[in-house]
Amino acid sequence: FYAFGDLNQDGVNDAAVIIAENYGGRVLVSVNAVLNEVGQPRHAASYMIDDRPQIKALDVRDGEIFLEALVHGFDDPACCPEQAVTRTFQLSGASLTLARATSQTPDGRERAITIDSPSDGSGMRGELLISGRVTIAPFENTLVYRVYNEQGNELASGPITVIAIDLGAPGTFTVTLDTSALPIGRIRSVIADLSAADGSILALDSVMVVVQ
């Protein structure tokens, strides 16, 4: 699988490429960003997907890499991944950052997180209020937030309580962060639903803001 599109906003097409590495019994599959530098390809960054996933689609949309695949859930045998997921990646410096992720429940419902506020690229000073919604309330109605600087170093983390009318129902969340404890510049705030069984990502959304 491969797809073309501008990944670094320089006006020329780059490539997203799937690479499989066979280690004798395991086939580790990654998505890779390959930049077009004066007509020559240069590998820029990779993100590991799974051992022997089934890739369904790969595309470049608005400068981001979009992937649809079946990966291994907690109880799936090595031969047969059954967890339907989507993953959206952004090229950030020398790394591919997971910007959004969804998954499907066994009965086919989509598990997704949407950050409604703030908008991407907003300038912030003082308190940073992050609010959004989930299609399916997480285990014990608890999400996690993590805050990273541009180099990918974690600056803060903690739990978020989801308000939902029932177990597994749609819900909303709000978290307030004190930006005075964060460095000035661009930070990425990530909201994630993690599996209680193995800590894998069930759903994720993120937003980049500028601390002033």
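## Two faces of a strand

Buried means under 20% relative accessible area, exposed over 50%, and partly exposed in between. With that in hand, look at strand β16 in this predicted model. The strand spans residues 171–178. Its covered face holds G171, F173, V175 and L177. Its uncovered face holds T172, T174, T176 and D178.

## Partners of β16

Strand β12, residues 127–134, pairs with β16. The two run antiparallel, with 8 bridges between them. One contact point to look for is L128, whose bridge partner in β16 is L177. L177 belongs to the covered face of β16.

Strand β15, residues 163–164, also pairs with β16 in the antiparallel sense. Here 2 bridges join the strands. I163 has T172 of β16 as its bridge partner, and T172 sits on the uncovered face. β15 and β16 form a hairpin with 6 residues between the strands. In this hairpin, G168 takes a positive phi near 75 degrees.

## A buried arginine

Now move to strand β17, residues 185–194, where R188 is found. Is R188 buried or exposed? R188 counts as buried, because its relative accessibility is 8% and the cut-off for buried is under 20%.

Which residues does R188 touch, leaving out those up to four places away in sequence? They are Q90, T97, A99, R146, V147, Y148, S206, V207 and M208. N149 gives a C-alpha distance to look at as well. R188 and N149 are 39 residues apart along the chain, yet their C-alpha atoms are separated by 6.3 Å.

## The chain as a whole

Step back to the full chain. Its secondary structure comes to 18 strands and 0 helices. The C-alpha atoms fill a box of roughly 45 × 40 × 25 Å along the principal axes. The radius of gyration is 18 Å, which agrees with the value near 17 Å for a compact globule of 212 residues.

Buried residues make up 45% of the 212 residues. Among contacts with a separation of 6 or more, 47% link residues 24 or more positions apart.

## Surface and charge

The accessible surface of the chain is about 11200 Å². Carbon and sulfur atoms account for 50% of that surface. The chain carries 14 positive and 27 negative charges. The mean positions of these two sets are 1 Å apart.

Definitions and conventions
Residues numbered from 1 in each chain as written. Predicted model: local features only at pLDDT ≥ 70, side-chain atom pairs only at ≥ 80, totals over all residues. Heavy atoms only, no water. Helix = DSSP H or I, 4+ residues; strand = E, 2+ residues; numbered from the N terminus. Rg over C-alpha atoms; globule rule 2.2 N^0.38 Å. Buried < 20%, exposed > 50% of the residue type's maximum accessible area, 1.4 Å probe, protein only. Contact = heavy atoms within 4.5 Å. Areas by Shrake-Rupley, 256 points an atom, 1.4 Å probe, with all protein chains shown as cover. Lys, Arg positive; Asp, Glu negative; His and termini not counted. Charge placed at Lys NZ, Arg CZ, Asp CG, Glu CD. Pairing = 2+ DSSP bridges.
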